[in-house]
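Let's take a walk through a protein model together. Have the 3D view open and be ready to turn it around as you read.

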Amino acid sequence: LAILFGSILFVTGPTVIGPMLRHVKPTPSVTGVLKWEGILSDPLGALMALLTYETYAQTHVNPLPHALIAIGMTLLVAGGIGLLLGWLLTRLLDRNILPEHLHTLGTLMFVLLGFSVSNLIQSESGLLTVTIIGIYLANQRRVPVRAIMEFKESLSLLLISSLFILLGARVTLADMRQEVAGHLLLFLLAL
């Protein structure tokens, strides 16, 4: 349980790192490292939390081979699909097959396609696939991606804000009375 809890708290993500970097303003090299840490820890942390839970739930068998196979398959599927779609999208944008006014929506289509196909082939690999597509686009030099990055920032802000509102709305007052009565209140105060 401690490993599962640690894997859940491990995730920082860009939504945590971004606002901190805007406020603290460290040196450019530290900023770059922290941005990449936030980007990579999000999908990898979610994947590790899921695999830790699955491993914990399978107490009747030796869980280590299952976890290693799941991690390997996820990395293989997400890496292959992410790199393929990143390469294909870059070629479409570079050769103007996709008109400039559709770059953002075309990228969104590729992201949704990659997420869906990846999850169909290997469960829970979609988030890592999407991250790999983004890393590929951010590091290629053939196509300017500033408009895509701005669109992504706006879309991320909208979706993450909605997610937190929906998650908060699911917690009822009865749930809070039942859960906060014990050690959970001390834990929340410590956090």
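What follows is a short tour of this predicted model, from its inside to its surface.

**Two buried residues**

Start with I133, which sits in helix α6 (residues 126-139). Is I133 buried or exposed? I133 has a relative accessible area of 1%, so it counts as buried. Leaving out residues up to four places away in sequence, I133 touches G82, L85, G86, F110 and V111. You can also look for L89: it is 44 residues away from I133 along the chain, yet their C-alpha atoms are separated by 8.9 Å.

Now find T90, in helix α4 (residues 63-94). T90 is buried because its relative accessibility is 1%. With residues up to four places away in sequence not counted, T90 touches Y136, L137, Q140, R142 and V143.

**Two helices that cross**

Next, look at helix α5 (residues 103-121) and helix α7 (residues 146-170), which pack at an angle of about 65 degrees with their axes 9 Å apart. Which residues make the contact? On the α5 side they are H103, T104, L105, T107 and L108, and on the α7 side A147, I148, F151 and L155. The crossing of α5 and α7 is right-handed.

**Charged pairs**

Side chains of opposite charge can pair when their charged atoms come close. How many salt bridges are there in this model? The count is 3, and here they are:

| Salt bridge | Closest N and O atoms |
|---|---|
| D94 and R142 | 2.9 Å |
| R146 and E150 | 3.4 Å |
| K152 and E153 | 2.8 Å |

The D94 and R142 pair links distant parts of the chain, 48 residues apart: D94 is in helix α4, and R142 is in the loop between α6 and α7. D94 is partly exposed, at 27% relative accessibility, and R142 is partly exposed too, at 46%.

R146 and E150 both lie in helix α7, 4 residues apart, or about one turn of the helix. R146 is exposed, with a relative accessible area of 63%, whereas E150 is partly exposed at 44%.

**A nonpolar patch on the surface**

Finally, turn to the outside. F5, I8, L9, L184, L188 and L191 make a nonpolar surface patch of about 550 Å². Helices α1 (2-9) and α9 (183-190) each supply at least two of its residues, and the largest share, 3 residues, comes from α1. One patch member to pick out is L188, found in helix α9. Its relative accessibility is 43%, so L188 counts as partly exposed.

Key
Residues are numbered from 1 along each chain as its sequence is written. This is a predicted model: local features need pLDDT of at least 70, side-chain atom pairs count only at pLDDT 80 or more; totals for chains, interfaces and linings use all residues. Side-chain values use heavy atoms; hydrogens and water are left out. Patches are made of residues with over 30% relative accessible area and no salt bridge: like charges are joined within 9 Å, nonpolar side chains (Val, Leu, Ile, Met, Phe, Trp, Tyr) within 5 Å. Accessible areas come from the Shrake-Rupley method with a 1.4 Å probe; for residues, only the protein chains shown count as cover. A salt bridge is a side-chain nitrogen of Lys or Arg within 4 Å of a carboxyl oxygen of Asp or Glu. Buried means under 20% relative accessible area, exposed over 50%, partly exposed in between (1.4 Å probe, protein chains only). Axes are lines fitted to C-alpha atoms, for helices over the stretch in contact, and angles run from 0 to 180 degrees between N-to-C directions. A crossing is left-handed if the near helix is turned anticlockwise from the far one by less than a right angle, and right-handed if clockwise. Contact means heavy atoms within 4.5 Å.
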